[in-house]
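Biologist: I'd like a close look at a single part of this model, taken slowly, and then some idea of what surrounds it. Please spell out the cut-offs as you go.

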Amino acid sequence: MLRAGLIFKLFRRGAQIQRKRMAMTVAAIAWGTLSIVLLLSFGEGMKRSFSKGSKGLGEGIVVVWANATSKAFEGFPQGRNLRFHPDDVALVRATIPEIVSASGEMRRWGNNLSHGRKSLTKPVIGAEPEYGELRNMIPVEGGRFLNVRDETEKRRVAFVGDELAEELFGEKDPVGETLLINQVPFTVVGVLKKKIQMGMYGGPDSNVAVIPLSTFRSLFGRVYLSDMVVKAADPAENETIKKRLFEVLGAKYRFDPTDERALQMWDTHESQQVTINISLGIQIFLGVIGGLTLLIGGVGVANIMYAVVKHRTKEIGVQMALGARRSYVLGPLVLESLALTAFGGAIGVGVGYGLVRLLGFLQTKANSEALEFMGAPTFSPAIAATTVLLLGTIGFLAGYFPSRRAVAIQPAEALRYE
Amino acid sequence: MLFSPKNGKKSNGGNGEIIAMRALRKVYDTGAIQVEALRGIDLAVHRNEFVSIVGPSGSGKSTLLNIVGCLDVATEGSYLLDGEEVAGLDLDQLADIRNRKVGFVFQSFNLLPHITAYENVEMPLLFKGAGARERRERVETLFEQVGLGDRMHHRPVELSGGQMQRVAIARALACEPALLLADEPTGNLDTTSGKDILGLFEDLAERGHTLVLITHDMALAERTKRIVRIQDGRIVEDRPTSQAA
C-alpha cells in the first residue's frame, strides 16, 4: 500500500516534462482508439443487421421439399418422384415429438392480384396458421395473421406483404379492404411488418399474399404441398428432426431413410450460424485493422517513453543513488505510459461514441437500402471492453520496456549521463 | 543533535570500521580491451573519520567513490560497508544499503529540477518508507540546520549554487547515514560558497559524522584529517594531515 502510494507520488512529480510531445502522443492514441471504436461499431452494426436479416426467413426453422429417390428400395426403382400430402404435416407432428410447430405450404406463381384499378402479377402462398410465426411474418398493428378458423372454415382472407400492400392500396390501410385474387374476392386481414429478409425461397415475403391452405386447395385444386416448414423447441435438435423426417416420411413413402436425395432440406439455423461466422470474421478483420492503427499510437507512446527515460537517465541515477528500488523507478514510468494511453483512449472513446450516435442518426434519415442492410454502427460493452483491454496492454508494454532499460544500468553509469 | 550521527551505532566487528576494503579490483570490460581501474585497494575508514581521497583525473578515484557508495560493484575483493558485505547483493538490496548507509553530495548537486527543495530532501525518506509526520519533521529540521528554512518550497532553479549544495547536504543527511560521501562538493561553487560548504562539512565532522571527500584540490584535502592519494588504481599515499592533531 505504501509502495503503491510512493509510486503514485513519484509519478505525479515526474510526469510534467515534455508536454508538447506528450500531447502529440495522446492525439495518436486518441486517433487509434477512435479508429478501433468506429470500425468495431460498424462491425457490430453489420453483425446485428445480418443476424436480424437471417432471422427474417424464420429462426431455427427447417424447410423440407420432397425430391426424387436416388436409391432403389423395397422393389421401387430409383429416380421416383416424391410429393408431400397435406396430411404429412399432422403425421410428422404426431411422430416426431421434437417438432413444436409445423405448417404445410403451397405456392403458385403468376396470379392476378387486383384492387380497384390496380392489377399486379404476384405469387400466392397457401399456409396454415403456424406459418406466420414460423416465418416471422409479424403483422402491422391493427391487423393479424391467418388463424385456425380461417383454415377450418376455408375463409377467403389474405395476409399481404408490405410492398405488395403499398403497390395495391397506396396510402390506404389495406386491412378490411377487398383484394381480388384471380378475380375471387378476399378480405385483407393483415399486412406484413417491414422486415430485413436475407434468405428466401421463391421471392421475398414483402411481395406475396398468404391465404389459408384449405382455401388455396379448393381455389386452385391443388393436392400436394410445395414444401413443409417445421421447427424444434431448441435449434440444437434440428439434426434429430432431420434424421427423423427421413425415417418417418421414408416409412410412409417407402424410400430408403439413408437416401439423402429423397428429401431436400434448408436448415436456417445452420445458415444462421454461417452468417454469424461470416459477420464475426468481418468483425475480427475490422478489429485487426483498428488494432493495428491503435498499435501505431502505442509505438508512439513507447517512443516517447524511450525519450523520457533517456531524458531522465541522470534523474533516475540520482533516485537510485538515494535508494530507489527498481520498482520505484519502473512504477512511475509505467504509470505515466498508462496515463498517456488512458487519456488518449478516453478522448478516442468519447469522440467515437459521439460519432457512432451521429452516424446512426444520419442513417435512419438517409433511407437507403444499402445503408440499412449494412446496419447502424453500434457501440457495445464488448467493444468498450476490447478497447480498454487493448489500450491497457499497449500502455503497459509501451511503458514497461523502456523503463526496464532504465533500471538495468548501474546507478554510477546513469549518473554520468549528460 | 540532528546533525550528529545516530547514537549507539552497531559495533561492526568491534573495530568501528565504516569502510573495510580488501584487495579490491575493478576491471571495465569494453569487449575489445579490458581496463583495470582499481588494482588491489586495501582501505579502512573508521567511524568519525574525515578523509579525503585525492588523485589526478583517470587515477581511479571516481571508480573508488562509486564502489564505496555502492553505485557500482567491484570485480574482485571484499568490501564491508558499516559491517555489511556488499559483494553479491542484488540491485534492490544495494538500493536499500545506499538509502540507509550512504549520503551523497555531488559536484553538480544533482537535485531533481521539477520538484521543490523540500521534496528533494523528502525523497530518500520516501524510499525508506518513513511516515508522513516523520518525514515532515525531519525535512523541516534539516532545512533549519542548513539555514534554508525560508527556501524549502523553492525549486532548484530558484536557488543559488551554495543554496543548492546545502539542500543536497540536507538530502544526504535525511536518513542519518553511516557515511557521508562528497564528490568535489565545492567544484561548482564560488570561493565564498565553497568555504561555506566546507565549513558545514567540518562542522559535521566535529559532530561525529564519518566523511569521505573526493577531490583533486589539495588545499581542500588539507582541511580534512587524513589524505589518501590514489594513482593508477593503487593507493600510493595514506597520511594524516596537520588537522589530525
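Modeller: Here is a walk along one sheet of chain B, followed by its surroundings and then chain A.

Some housekeeping before that. Residues are numbered from 1 along each chain as its sequence is written, while chains are lettered from A and ligands numbered from 1 in the order in which they are written. This is a predicted model, where local features need pLDDT of at least 70 and side-chain atom pairs count only at pLDDT 80 or more, though totals for chains, interfaces and linings use all residues.

The part I'd pick is the open sheet of six strands in chain B, which goes S6-S7-S8-S3-S9-S10 with mixed pairing. At its edges sit S6 (102-105) and S10 (234-240) of chain B, each of which pairs on one side only. Going from one strand to the next, the twist averages 20°. A few terms: helices (H or I, at least four residues) and strands (E, at least two) are DSSP runs, numbered from the N terminus. Two strands pair if DSSP finds at least two bridges between them.

Start at the S6 edge. S6(B) and S7(B) run parallel and are joined by four bridges, with Val105(B) opposite Ala182(B) in S7(B). On to the next pair: S7(B) also runs parallel to S8 (residues 211-215) of chain B, again over four bridges. There Ala182(B) stands opposite Leu213(B) in S8(B).

S7 (residues 179-183) of chain B deserves a pause, as five of its five residues are buried. Buried means 20 or more other C-beta atoms within 10 Å of the residue's own, exposed means 12 or fewer, and partly exposed is in between, with C-beta atoms placed from the backbone. In a regular strand the side chains alternate between the two faces of the sheet. In S7(B), Leu179(B), Leu181(B) and Asp183(B) point one way, Leu180(B) and Ala182(B) point the other way, and all are buried.

Now jump to the S10 edge. S9 (residues 226-231) of chain B and S10(B) are antiparallel partners, held over six bridges. In that pairing Arg229(B) stands opposite Glu237(B) in S10(B).

Chain B also has an open sheet of four strands, ordered S2-S1-S4-S5 with antiparallel pairing. Its edge strands are S2 (34-46) and S5 (84-85) of chain B, each pairing on one side only. S1 (residues 17-29) of chain B pairs with S4 (residues 76-81) of chain B in the antiparallel sense over five bridges, and Met21(B) stands opposite Tyr79(B) in S4(B).

As for helices in chain B, H3 (residues 117-128) and H5 (residues 161-173) of chain B pack at about 25°, with axes 7 Å apart. Axes are lines fitted to C-alpha atoms, for helices over the stretch in contact, and angles run from 0 to 180 degrees between N-to-C directions. H3(B) and H5(B) are therefore roughly parallel to each other; the label covers angles under 35 degrees, with over 145 roughly antiparallel, 65 to 115 roughly perpendicular and the rest oblique. H3(B) passes H5(B) in a right-handed crossing, meaning that the near helix is turned clockwise from the far one by less than a right angle (anticlockwise would be left-handed). Ala117(B), Asn120(B), Val121(B) and Pro124(B) of H3(B) make the contact with Val167(B), Ala170(B) and Arg171(B) of H5(B). That contact divides into five nonpolar, one polar and one charged residue. Residues are in contact if their C-beta atoms, placed from the backbone, lie within 7 Å. Ala, Val, Leu, Ile, Met, Phe, Trp, Tyr, Cys and Pro count as nonpolar, Asp, Glu, Lys and Arg as charged, and the others, Gly among them, as polar.

Finally, the partner chain. Chain A comes to 14 helices and nine strands, and 43% of its 418 residues are buried. 20 residues of chain A are in contact with 21 residues of chain B. Helices H1 (2-14), H10 (313-321), H11 (326-366) and H14 (411-416) of chain A are the elements giving two or more residues to that side of chain A. By class, this side of chain A has twelve nonpolar, three polar and five charged residues.

How values were computed. Contact = placed C-beta atoms within 7 Å.
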